[in-house]
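Hi there,

Here is the structure I promised to pass along. Have a look at it first, and my notes follow below.

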Amino acid sequence: MKWQDKYKNKLLSAEQAAKLVISNSQVLFAMMNQPKDIGLELAKRYQELRNVTLTSHWVEDYPFLHPAENPEMAKAFSIQDALPLRFTREEVQENRIDWKPTVFGLNDGVRQMDENRGRLYHFKDIFFLKLTPPNAAGYCSFGPQTWFSPSACKTAKIVVAEIDPSIPWVFGEYINVDEIDYLVEPPVGGDIVKGDHAPATSVEDWELSQVIGVNISTLIEDGDTLEIGTGTASEAVMGFLEDKNDLGIDSELMFRQLIDLKRRGVITDNNKNVDRGKSVSSSLRTFGGADAEISEALQYITSNPSFEFRDISYMCNVPRIASQNNMVAINNALAVDLLGQVVITHVGPTPVSSPGGSLEYCLGAHYSKGGRAIFGLQSTALNGKASRIVPRLDPGAVVTVPMFYVDYLVTEHGIANLDCKNIQERAEALISIAHPDFQPQLREAAKELFGL
């Protein structure tokens, strides 16, 4: 039978797809390319379902994400989330949604095939996602927002894919129509490729981030391969790379600015010893319609073999990252203490985010031949009222990156090289890049803690 005939035989409506879910089942939604119409149809069934666990990083809003508004909805659906975003952050902090802290690398090629390990994204009863239309050979692309979808497809009992022509075909990961259990065609005028809303940034924050970006750029050498994590401080470096040569990209996230640099020849990927000649990532970071240039970037990566979008388990594999020579990981921090312990996911004891791939890339870059692990942060928070560099972390704060793996900390006041420093030297280096208003009290604290 031709794949075209199989395709027709597998077609369901969004309502029919939602009816595949039964009580006591485990359901996974893709992270970015979420079939929202299926999710909304599923929410309508709250009176007939019980104890259905729904897992994703919720970039779309659904009635079942707000159980306090409808107690009956809470009886039907239990929500899991490993990356609190704007639709779930409040519910996670108030324990109405089950926060499942994880790092992407734990869902690697070994664990994803072991039903007893790494199960956040795998071995679900049903997996709902979006894909491109099939090519002439019957293969669909996962598009430029791949995340965990390829490996989730390999382990889910039932795979239900909504076919969305607005998703660009990209190289990297594919799935054949034969491997998909059911297909759903999107509604007329269906969704375009979506992403997070751009975080609100004040003019002052933007200006400070530019200084941090300049500082970080001085640590980047020609021929380096870069990972850039999300965050105002880390992303700012992309505006100061035009004088570099032969850069490479091996990153959890791809940004439109990196695509621009590739078009202009700053990024060639020619010096990479892993995936040479290709900019490899798991997801293109988009901000919905907030970036007027994203359409042009999407056109450029469509069917372009110099870009590959891979499963997050491939990208965040520490041994693979470490094998990339001159690997430079650039990530954002929320706070750091005078030992150099980095906080990314919490404000005090309150979870606000996920480490994403920052921990794996930090570790990989630290062990890479010629590699560097860099963290950027603004020196203050709360409009300058609090220092992000502190003597000790707040009670309940969670250390994301241990002090042993951070090579450089960068603020708008300079660069602290922590490599091979003793405790006193680390504290001195960090105090030197703190905001001047807070340096005196940090020095007093360092005297008490370390005898400086």
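Two residues are in contact here when they have heavy atoms within 4.5 Å of each other. Please keep in mind that this is a predicted model.

Let's start with a pair of helices. By that contact rule, Ile423, Gln424, Ala427, Ile431 and Ser432 in H14 meet Gln439, Leu442, Arg443, Ala446 and Phe450 in H15. Sorted by type, the residues of this contact are six nonpolar, three polar and one charged. H14 covers residues 423-432 and H15 covers residues 439-450, and the two pack at an angle of about 170° with their axes 10 Å apart. Because of that angle, H14 is roughly antiparallel to H15, since over 145 degrees counts as roughly antiparallel.

Next, the cysteines, as you may be wondering about disulfides. The count comes to zero, with a cut-off of 2.5 Å between cysteine sulfur atoms. For Cys140, the closest cysteine sulfur is in Cys153, 9.8 Å away, so the pair is too far apart for a bond. Cys316 has its closest cysteine sulfur in Cys362, at 12 Å, which is also too far for a bond. Cys140 is buried, at a relative accessible area of 0%, and Cys316 is buried too, at 1% relative accessibility.

Finally, a loop residue. Ser306 sits in the loop between helix H10 (294-301) and strand E14 (307-309). Is Ser306 buried or exposed? Its relative accessible area is 18%, so Ser306 is buried, the cut-off being under 20%. Leaving aside residues up to four places away in sequence, Ser306 touches Lys262, Gly277, Lys278 and Ser279.

Best wishes

Note on methods:
Residues are numbered from 1 along each chain as its sequence is written. This is a predicted model: local features need pLDDT of at least 70, side-chain atom pairs count only at pLDDT 80 or more; totals for chains, interfaces and linings use all residues. Side-chain values use heavy atoms; hydrogens and water are left out. Helices (H or I, at least four residues) and strands (E, at least two) are DSSP runs, numbered from the N terminus. Buried means under 20% relative accessible area, exposed over 50%, partly exposed in between (1.4 Å probe, protein chains only). Axes are lines fitted to C-alpha atoms, for helices over the stretch in contact, and angles run from 0 to 180 degrees between N-to-C directions. Angles under 35 degrees count as roughly parallel, over 145 as roughly antiparallel, 65 to 115 as roughly perpendicular and the rest as oblique. Ala, Val, Leu, Ile, Met, Phe, Trp, Tyr, Cys and Pro count as nonpolar, Asp, Glu, Lys and Arg as charged, and the others, Gly among them, as polar.
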